[in-house]
Amino acid sequence: MESFFSTVKNELADQFAIRDPWRFQQGAQELEQRGIPTVSFPQTDVRMIPASDRLYRAIVEKRLTLPDDDELRQHAANAIAKHSRRGWRIDRGNRADNIDAIIALCMALDALEDQPAPVELLGWV
């Protein structure tokens, strides 16, 4: 059975940048050496609170639905909203639960929708 990493590398690496999970510097360097671009995405409240809200809105507005996949469905079922003073974010209900696919979906949607506005030159100073 081919691992998730091998699948991503072989099927998607030519088309997509791979988001850098927390403490994955060595793996990121190896991917970069192979010509696969990586981008750091720290899973801090500053990044995950807006990204979690973005994913929630995409689901509620029916702009995004999960495919019929048992493993992905289990990752979604394991995900909870963790509340803090700054807002809420996606987290796992139990430390043994796996929600990696939902976190990856959250990061991918954030990368797609959180595009900086283009710089516009208004004049010379």
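**How the terms apply to this chain**

The chain exposes about 9500 Å², and carbon and sulfur atoms supply 54% of that area. Accessible areas come from the Shrake-Rupley method with a 1.4 Å probe, and for residues only the protein chains shown count as cover. This is a predicted model, where local features need pLDDT of at least 70, side-chain atom pairs count only at pLDDT 80 or more, and totals for chains, interfaces and linings use all residues. Residues are numbered from 1 along each chain as its sequence is written, and side-chain values use heavy atoms, with hydrogens and water left out.

Me: What makes up the chain, in helices and strands?
Reply: There are 5 helices and 4 strands. Helices (H or I, at least four residues) and strands (E, at least two) are DSSP runs, numbered from the N terminus. The order from that end is α-β-α-β-α-α-β-β-α.

Me: Which residues of helix 4 are called buried?
Reply: L72, H75 and N78, in a helix that covers residues 70-78. Buried means under 20% relative accessible area, exposed over 50%, partly exposed in between (1.4 Å probe, protein chains only). Those three therefore fall under the 20% limit.

Me: How do you know which side of helix 4 they are on?
Reply: The buried residues of helix 4 cover an arc of only 125 degrees around the axis, which puts them on the same side. The arc is that of the directions from the helix axis to the C-beta atoms. On the other side, D70 and A77 are exposed.

Me: What covers the buried residues of helix 4?
Reply: The cover includes strand 3 (79-84), strand 4 (87-92) and helix 5 (100-113). Contact here means heavy atoms within 4.5 Å.

Me: Why are strand 3 and strand 4 called a pair?
Reply: Two strands pair if DSSP finds at least two bridges between them. Here 6 bridges join strand 3 to strand 4, so the condition is met. The two strands run antiparallel. They form a hairpin with 2 residues between them. H83 stands opposite W88 in strand 4.

Me: How do you know whether the length of helix 5 agrees with what is expected?
Reply: The expected span is 1.5 Å times one less than the number of residues. For the 14 residues of helix 5 that should be 20 Å, and the end C-alpha atoms are 20 Å apart, which agrees.

Me: Where on helix 5 do its buried residues lie?
Reply: The buried residues of helix 5 are I102, I103, C106, M107, L109 and D110. They cover an arc of only 165 degrees around the axis, which puts them on the same side of helix 5.
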